[in-house]
Amino acid sequence: MSTPTKLEWHVERIAWSDMIPYEHNPRKMSVKTKQKLRESYEKFGDVEIPVLDFDNMIIAGHQRHSVKIATGFGDELADVRKPNRKLTEQEYKEYNIISNALKGDFVGEMLAEHFAEVVELEDYGIQLDAIAKIHEKEATVDTKPELPIVQKMSEKYTAFVIVCTNEIDENFLAERFGIDRMQCYKSSNVGVSHVLDAKKVIELWK
C-alpha cells in the first residue's frame, strides 16, 4: 500500500505520558504563567487539545503536556489531533512555528475595558503599556505601499483590477498568489504589495 501524501487529520485518545515532547520547541513558559495554566486546568478542564505527529511527537501543546506530567496526570487520556501520515521535517517545523507565532495581537483598549477587572493581565505577561507602544509604532507603517509600474523600452503594460469586497476574498487571493510584504519605492515603509506580475499569476494558476 502506498503512503498517503495529502495530510488529513483526525482525533484520537491517548495518555499524556505517551506524548513525546519536541526537544527544540521554540517557546518556553515562565513558572508564574505555568501556574496560571495549572489553575486554568483545575477550573475549565481540557478545553484545547494537543496536536501530534504520526509518531506521537508533540507539534502544539508542549506547555499543557508539561503541566499534566508535572501534576501527576500522565496516565490520564486526552483527545489529540493526529495526521494520517508522518509529517516531513519541513512540514513539522513549519506548522510548529505557525502554531506558536500566529496568535494575533492583543488590542490594548479591549483588554483594559473588558478584561482587566476580571484577570490580572500581568500574571500572563500582558503589559498594556508595551502593547500601546507596539501599536503606536505599527501605525507609522504603510499597509499598502505604492509600487512602481515603469515601462521598459517599448513594452506595453496592461492592468487588470480585481476588486475584493471582503477580507475573506482578500486573504484567499493573498495566499493563492503568494502576495508578500514589500518596501515602498518612495520610502522605507513596508506593507502588503498590491501589484502582481502577470508571469507570476500565470505560473501559479497552472
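This section describes the fold, the nonpolar cores and selected residues of a predicted protein model.

The protein chain contains seven helices and six strands. Their order along the sequence is β-α-β-β-α-β-α-α-α-α-β-β-α. The chain has 206 residues, and 23% of them are buried. Its exposed surface comes to about 16000 Å². Carbon and sulfur atoms contribute 55% of that area. Among contacts with a separation of 6 or more, 77% join residues 24 or more positions apart.

The largest nonpolar core has ten residues. Its members are Ile14, Trp16, Met19, Leu37, Tyr41, Leu52, Ile58, Val67, Ala78 and Val80. Helix α1 (31–44) and strand β4 (77–83) each provide at least two of these residues. A further core lies apart from this one. That core has six residues, including Tyr22, Ile59, Ala60 and Tyr92. Within the ten-residue core, Val80 can be followed through its contacts. Beyond its neighbours within four places in sequence, Val80 touches His10, Val11, Glu12, Ile14, Met19, Ile49, Pro50 and Leu52. Of these partners, Ile14, Met19 and Leu52 also belong to the largest core.

Helices α1 and α2 pack against each other through a defined set of residues. Their axes come within 10 Å and cross at roughly 75°. Helix α1 is therefore roughly perpendicular to α2, since angles from 65 to 115 degrees fall in that class. On the α1 side, the residues in contact are Lys34, Leu37, Arg38 and Tyr41. They meet Gln63, Arg64, Ser66, Val67, Lys68 and Ala70 of α2. Leu37, Tyr41 and Val67 take part both in this helix pair and in the largest core. An α-helix has 3.6 residues a turn, so positions three or four places apart point the same way.

Helix α2 spans residues 62–70 and includes His65. Its buried residues are His62, Gln63, Arg64, His65, Val67 and Lys68. His65 has a relative accessible area of 8% and is therefore buried, the cut-off being under 20%. A polar atom of the His65 side chain lies 3.1 Å from the backbone oxygen of Trp16. Residues up to four places away in sequence aside, His65 touches Trp16, Met19, Pro21 and Ile58. Trp16, Met19 and Ile58 from this group are also members of the largest core.

Just after α2, Gly72 adopts a positive phi of about 80°. Phe73 sits in the loop between α2 and β4. Its relative accessibility is 41%, so Phe73 counts as partly exposed, between the limits of 20% and 50%. Once neighbours within four places in sequence are set aside, Phe73 contacts Trp16 and Lys68. Phe73 and Trp16 are 57 residues apart along the chain. Their C-alpha atoms are separated by 7.4 Å. Trp16 thus has contacts with both His65 and Phe73.

Asn56 lies in the loop between β2 (51–52) and β3 (58–60). Most residues other than glycine have a negative phi. Asn56 is not a glycine, yet its phi is positive, at about 75°. With a relative accessibility of 17%, Asn56 counts as buried.

Methods
Residues are numbered from 1 along each chain as its sequence is written. This is a predicted model: local features need pLDDT of at least 70, side-chain atom pairs count only at pLDDT 80 or more; totals for chains, interfaces and linings use all residues. Side-chain values use heavy atoms; hydrogens and water are left out. Helices (H or I, at least four residues) and strands (E, at least two) are DSSP runs, numbered from the N terminus. Buried means under 20% relative accessible area, exposed over 50%, partly exposed in between (1.4 Å probe, protein chains only). Contact means heavy atoms within 4.5 Å. Accessible areas come from the Shrake-Rupley method with a 1.4 Å probe; for residues, only the protein chains shown count as cover. A polar contact is a pair of N or O atoms within 3.5 Å; within protein, one must be able to donate a hydrogen and the other to accept it, and residues adjacent in sequence count only if both atoms are side-chain atoms. A nonpolar core is a set of buried Ala, Val, Leu, Ile, Met, Phe, Trp, Tyr and Cys residues joined through side-chain atoms within 4.5 Å. Axes are lines fitted to C-alpha atoms, for helices over the stretch in contact, and angles run from 0 to 180 degrees between N-to-C directions. Angles under 35 degrees count as roughly parallel, over 145 as roughly antiparallel, 65 to 115 as roughly perpendicular and the rest as oblique.
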